[in-house]
Amino acid sequence: MEYLPDDIDRVDIIVSEFMGYNLFTESMAETVIYARDKWLKPNGLILPQKCYLFIVGVRDAQRKAEIFDTWNNYTVPSTRDNENETDGVDDIVFDFSDLRKAVLRRPLVYQVKENQVPSTPVDIGYNFIV
């Protein structure tokens with residue numbers, strides 16, 4: 001929400017629809033905080049008032065290889081039919097290291113089995129009413 005109707009300056013309640021990890025990945029937290037600071041009356045309510053995000057370390061070698069190895073140098077095979085051919089295009093190698101850095105900054109959300117969780121969950125909850 002970027003504005004209120006002209007005849008409304010402040011509100012008593014802000015209701016947000018954030019769910020799951022979208023609170024952080026789709027900037028929902030920033031939106032709720034912006035609305036709180038700009039339009040919420042003193043002693044107003046935000047519903048829901050608290051959010052909880054649990055972070056846990058995961059062990060998944062196959063998924064790790066898929067994610068990390070994908071962004072290493074990628075080779076497009078030659079168009080030659082055999083090694084003795086002189087026409088055609090040599091193998092082309094792309095360096096995706098910069099793209100790899102950007103991709104690895106995104107949160108990865110997927111289901112894992114209990115035996116893939118070798119750590120204790122950490123709650124990084126946030127209370128929108130300060």
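A residue is called buried here when its relative accessible area is under 20%, exposed when that area is over 50%, and partly exposed in between. By this reckoning, buried residues make up 15% of the 130 residues in the protein, which is a predicted model.

**Overall architecture**

The protein contains 4 helices and 8 strands, and from the N terminus on these elements follow the order β-α-α-β-β-β-α-β-β-α-β-β. Among the contacts between residues at least 6 apart in sequence, 73% join residues that are at least 24 apart. The accessible surface of the protein comes to about 10,600 Å², and 53% of this surface belongs to carbon and sulfur atoms.

**Aromatic pairs**

The structure holds 2 aromatic pairs. In one of them, the rings of Tyr-34 and Trp-39 have their centres 5.7 Å apart and their planes at 90 degrees, so the pair is edge-to-face. Tyr-126 and Phe-128 also form an edge-to-face pair, with 5.0 Å from centre to centre and 75 degrees between the planes. The relative accessibilities of the four aromatic residues are set out below.

| Residue | Relative accessibility | Class |
|---|---|---|
| Tyr-34 | 41% | partly exposed |
| Trp-39 | 6% | buried |
| Tyr-126 | 32% | partly exposed |
| Phe-128 | 0% | buried |

Each pair thus joins a partly exposed tyrosine to a buried aromatic residue: Tyr-34 is partly exposed and Trp-39 is buried, while Tyr-126 is partly exposed and Phe-128 is buried.

**The segment before strand 1**

Asp-9 is found in the segment before strand 1 (11-15), and because its relative accessibility is 59%, Asp-9 counts as exposed. Leaving out residues up to four places away in sequence, Asp-9 touches Leu-4 and Trp-39, the latter being the buried member of the pair with Tyr-34. The C-alpha atoms of Asp-9 and Lys-41, which stand 32 residues apart along the chain, are separated by 9.2 Å.

**Backbone features in and after strand 2**

Asn-43 lies in strand 2 and has a positive phi of about 65 degrees, although Asn-43 is not a glycine. With a relative accessibility of 83%, Asn-43 counts as exposed. A cis peptide bond, with omega at about -10 degrees, joins Leu-47 and Pro-48, and Pro-48 lies in the loop between strand 2 (40-47) and strand 3 (50-51).

**Gln-116 and the loop before helix 3**

Gln-116 is found in the loop between helix 4 (97-104) and strand 7 (122-123), and because its relative accessibility is 16%, which is under the 20% limit, Gln-116 counts as buried. The side chain of Gln-116 makes a polar contact of 3.4 Å with the side chain of Asp-60. Apart from its neighbours within four places in sequence, Gln-116 is in contact with Gly-57, Val-58, Arg-59 and Asp-60.

One of these contact partners, Val-58, has its place in the loop between strand 4 (54-55) and helix 3 (61-70), and with a relative accessible area of 40% Val-58 is partly exposed. Val-58 also belongs to a nonpolar surface patch of about 350 Å², which is made by Val-56, Val-58, Leu-108, Tyr-110 and Val-112. Val-58 is therefore both a contact of the buried Gln-116 and a partly exposed member of this nonpolar patch.

Methods
Residues numbered from 1 in each chain as written. Predicted model: local features only at pLDDT ≥ 70, side-chain atom pairs only at ≥ 80, totals over all residues. Heavy atoms only, no water. Helix = DSSP H or I, 4+ residues; strand = E, 2+ residues; numbered from the N terminus. Buried < 20%, exposed > 50% of the residue type's maximum accessible area, 1.4 Å probe, protein only. Polar contact = N/O pair within 3.5 Å; in protein donor to acceptor, adjacent residues only side chain to side chain. Contact = heavy atoms within 4.5 Å. Areas by Shrake-Rupley, 256 points an atom, 1.4 Å probe, with all protein chains shown as cover. Patch = residues over 30% accessible without salt bridge, like charges linked within 9 Å, V, L, I, M, F, W, Y side chains within 5 Å. Salt bridge = Lys/Arg side-chain N within 4 Å of Asp/Glu carboxyl O. Phe/Tyr/Trp six-rings, centres within 6.5 Å; stacked < 30°, edge-to-face > 60°.
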